[in-house]
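Here is a note on the model, point by point. Please keep the coordinates open while reading.

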Amino acid sequence: MFGELTLSLRGEINTLTYPPAAIIAYALALISYNVLTLVRASVEVVQGQETADSMSCYHMAEEVSSTDQGMTIAIPLKDWKKRFGKLSSVDMAEELKRMAREVQIRRYRKSTRGPKKPKTKRTGSRQHVSTQKLLTQQIC
C-alpha cells in the first residue's frame with residue numbers, strides 16, 4: 001500500500017516544505033487509494049479476482065488524474081449530486097457493479113516484464129586482476 005501511495009498516487013512530494021501541506025497531500029493520497037481499492041473490488045466482484053489482480057493502480061490513477069478536470073467541466077457538481085448523492089449503500093453497490101461490467105481491463109493491465117536476455121560471456125584471454133594486487137606488486 002505504501003509503495004502505491006508513494007509512486008502511483010504521489011502521496012510523498014519532495015517539494016512540499018511545509019508539514020501541513022505534506023499531511024494534506026498524504027491524506028489525499030490515502031483517500032485516492034481507498035477509491036481505487038473500491039474500483040478494484042467492484043471489478044473483482046463482477047469479473048473475477050484474477051482480472052482485478054491484473055489491474056495496475058498506476059494506470060488507474062493516471063486515468064483519473066487525466067480525466068478529472070474534463071469531467072468537472074463537462075458535468076456540473078449538482079448533476080453528480082443528483083445522480084449519486086441520495087443513493088443508499090445497496091443502490092451504490094449495484095451502480096458500482098454495473099459500471100464494473102463496462103471497465104475495459106486491457107487499458108489498466110499491469111506491465112509485464114519480457115524475457116531476460118542471456119548473460120554474455122566475456123571474450124578475451126586475460127583473467128581479471130584486482131587493482132589492489134597490481135599496486136602491491138609495484139610497491140614490492
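1. Trp-80 is partly exposed, because its relative accessibility is 32%. Phe-84 falls in the same class, partly exposed, at 22%. The classes are these: buried means under 20% relative accessible area, exposed means over 50%, and partly exposed lies in between, with a 1.4 Å probe and protein chains only.

2. This is a predicted model: local features need pLDDT of at least 70, side-chain atom pairs count only at pLDDT 80 or more, and totals for chains, interfaces and linings use all residues. Residues are numbered from 1 along each chain as its sequence is written, and side-chain values use heavy atoms, with hydrogens and water left out.

3. How do the rings of Trp-80 and Phe-84 pair? The count of aromatic pairs is one. Trp-80 and Phe-84 make a stacked pair, 5.9 Å centre to centre, with 25° between the planes. The rule takes rings of Phe, Tyr and Trp (its six-membered ring) with centres within 6.5 Å; planes under 30 degrees apart are stacked, over 60 edge-to-face, and the rest tilted. Both residues sit in helix H5 (residues 77-84), four residues apart, so about one helical turn separates them. An α-helix has 3.6 residues a turn, so residues three or four places apart point the same way.

4. On the overall fold: the protein chain has seven helices and zero strands. From the N terminus on, the order reads α-α-α-α-α-α-α. Helices (H or I, at least four residues) and strands (E, at least two) are DSSP runs, numbered from the N terminus. Of the 140 residues in the chain, 16% are buried. The accessible surface is about 11900 Å², and carbon and sulfur atoms hold 57% of that area. Areas come from the Shrake-Rupley method with a 1.4 Å probe; for residues, only the protein chains shown count as cover.

5. Helix H2 covers residues 19-47. Does its length come out short, long or in agreement with expectation? The 29 residues of H2 should span 42 Å at 1.5 Å a residue, and the end C-alpha atoms are 41 Å apart, so the two agree. The expected span is 1.5 Å times one less than the number of residues. Just after H2, Gly-48 has a positive phi of about 105°.

6. H2 has buried residues and a surface patch to check. Its buried residues are Ala-25, Ala-29, Leu-36, Ser-42 and Val-43. Leu-28 also lies in H2. Leu-28 joins Ile-24, Ile-31, Val-35 and Val-39 in a nonpolar surface patch, with about 440 Å² of accessible area together. Patch members have over 30% relative accessible area and no salt bridge; like charges are joined within 9 Å, and nonpolar side chains (Val, Leu, Ile, Met, Phe, Trp, Tyr) within 5 Å.

7. How many salt bridges does the structure hold? There are five. The criterion is a side-chain nitrogen of Lys or Arg within 4 Å of a carboxyl oxygen of Asp or Glu. Side chains of opposite charge can pair when their charged atoms come close. One of the bridges joins Glu-94 to Lys-97, with the closest N and O atoms 3.2 Å apart. These two are three residues apart in helix H6 (residues 89-101), so about one helical turn lies between them. Glu-94 is partly exposed at 44% relative accessibility, and Lys-97 is partly exposed at 26%.

8. Arg-98 deserves its own point. Its side chain meets Glu-95 at 2.6 Å, N to O. Arg-98 and Glu-95 are three residues apart in H6, so they too are separated by about one helical turn. Arg-98 is partly exposed at 32%, whereas Glu-95 is buried at 13%. Arg-98 also bridges to Glu-102, at 3.2 Å, N to O. Glu-102 is exposed, with a relative accessible area of 55%. Through shared partners, salt bridges join Arg-83, Glu-95, Arg-98 and Glu-102 into one network.

9. Ser-54 sits in the loop between helix H3 (49-53) and helix H4 (57-74). Is it buried or exposed? Ser-54 counts as buried, because its relative accessibility is 18%. Leaving aside neighbours within four places in sequence, Ser-54 contacts Ile-105, Tyr-108, Arg-109 and Lys-110. Contact means heavy atoms within 4.5 Å. Ser-54 and Thr-112 are 58 residues apart in sequence, with 9.9 Å from C-alpha to C-alpha.

10. A last point concerns contact range. Among contacts in the chain with a separation of 6 or more, 64% are between residues 24 or more positions apart.
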